[in-house]
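Dear colleague,

I am passing on the structure that I said I would send, and I would be glad if you read it alongside the notes that follow.

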Amino acid sequence: MKVAVIAGTRFDTARGCSMLEHSGILCYPIPIADTPKEQNQRQYADAGGLQTKIESIAIIT
Amino acid sequence: MIFCNSLTTTLDMKRLKKLTPLHIVSPLDVYEGIARKLKSIYVIAANGPTLSSIEAFMLTRNATMKVTGFSSLEFVQLIEKETDPVKIFDQFPFANILENAHQLKAQAVILGCTHLSRIRPQIKEHSLLPVIDTGTMMTQLVQASLHA
């Protein structure tokens with residue numbers, strides 16, 4: 001089974017994948033922002049957009 | 001299966017779960033257990049909305065729980081920039097934050113940001129309280145559910 005890892009930044013997503021892959025679990029990384037500041041902005045100023053983005057990822061996945 | 005980070009604390013997870021048949025593992029699964037077992041926690045989060053959402057999540061499940069905490073994007077940026085976990089720990093006042101948690105008589109320190117898994121050994125070494133690493137616990141939940 002493959003696990004989709006949805007996280008804030010590329011770094012965070014890679015960390016999540018690394019932790020899972022260390023346990024032998026295959027991952028598909030999906031970062032939603034390039035930087036911690038961008039992730040913050042999405043949470044503060046565009047929570048609705050963030051919800052829509054993650055919902056669309058969940059449906060495609 | 002989908003594995004999410006602390007972003008999920010600001011999402012409508014009920015709505016999200018209705019849209020996909022996939023099993024979603026998120027920090028909220030870890031927080032459910034904490035809300036049932038502990039009476040006082042200290043949360044370290046990346047930003048105010050996450051800290052606030054964690055507090056709200058806990059208090060709606062355990063109204064008498066004492067939730068205190070600290071949030072800052074600075075340690076997240078430092079963790080993304082610096083590669084040495086010891087240097088990361090030393091460059092940010094984590095020791096003071098952990099002392100603060102102890103003074104406030106929390107039962108445990110909750111790492112409410114998955115970036116903090118990077119310096120978990122340093123945090124555990126300096127904390128007088130048990131440390132609950134959300135990222136590591138989520139990994140264990142994924143393993144358990146794959147083997148169920």
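The secondary structure of chain B, in what is a predicted model, comes to 8 helices and 6 strands, and if you read along the sequence you will meet them in the pattern β-α-β-α-β-α-β-α-α-α-β-α-β-α. The radius of gyration of chain B is 15 Å, close to the 15 Å that the globule rule gives for 148 residues, so the chain is as compact as a globular protein of that length. Measured out along its principal axes, the C-alpha trace of chain B spans about 45 × 35 × 30 Å.

As for how chain B is packed, buried residues make up 41% of its 148 residues. When you look at the contacts in chain B with a separation of 6 or more, 63% of them are accounted for by residues 24 or more positions apart.

Next comes the place where the two chains meet, a contact that takes 29 residues from chain B and 29 residues from chain A. On the side of chain B that touches chain A, at least two residues each are supplied by strand 1 (2-4), helix 1 (13-19), helix 4 (74-81) and helix 8 (134-147) of chain B, and the largest share, 5 residues, comes from helix 8. Sorted by class, that side of chain B has 15 nonpolar, 11 polar and 3 charged residues.

The strands also take part in the meeting of the chains. Strands of a sheet pair through backbone hydrogen bonds, either parallel or antiparallel. Here, strand 1 (residues 2-7) of chain A and strand 1 of chain B run parallel and are joined by 3 bridges, and in one pairing Ala4(A) has Ile2(B) as its bridge partner. In the open sheet, 4 strands are arranged in the order 2(A)-1(A)-1(B)-2(B), with parallel pairing. Strand 2 (26-31) of chain A and strand 2 (24-25) of chain B stand at the edges, each with a single partner strand, so one side of each is left without a neighbour in the sheet.

Finally, which residues have the most contacts inside the largest nonpolar core? That core has 54 residues, and those with the most contacts inside it are Val5(A), Ile6(A), Phe3(B), Val43(B), Val109(B) and Ile110(B). If you would like to follow one of them in the viewer, Ile110(B) touches Ile34(B), Ile41(B), Tyr42(B), Val43(B), Ile132(B) and Thr134(B), leaving aside residues up to four places away in sequence.

With best wishes

Methods
Residues are numbered from 1 along each chain as its sequence is written. Chains are lettered from A and ligands numbered from 1 in the order in which they are written. This is a predicted model: local features need pLDDT of at least 70, side-chain atom pairs count only at pLDDT 80 or more; totals for chains, interfaces and linings use all residues. Two residues are in contact if their C-beta atoms, placed from the backbone, lie within 7 Å. Ala, Val, Leu, Ile, Met, Phe, Trp, Tyr, Cys and Pro count as nonpolar, Asp, Glu, Lys and Arg as charged, and the others, Gly among them, as polar. Two strands pair if DSSP finds at least two bridges between them. A nonpolar core is a set of buried Ala, Val, Leu, Ile, Met, Phe, Trp, Tyr and Cys residues joined through C-beta atoms within 7 Å. A residue is buried if 20 or more other C-beta atoms lie within 10 Å of its own, exposed if 12 or fewer, and partly exposed in between; C-beta atoms are placed from the backbone. The radius of gyration is taken over C-alpha atoms; the globule rule is 2.2 Å times the number of residues to the power 0.38.
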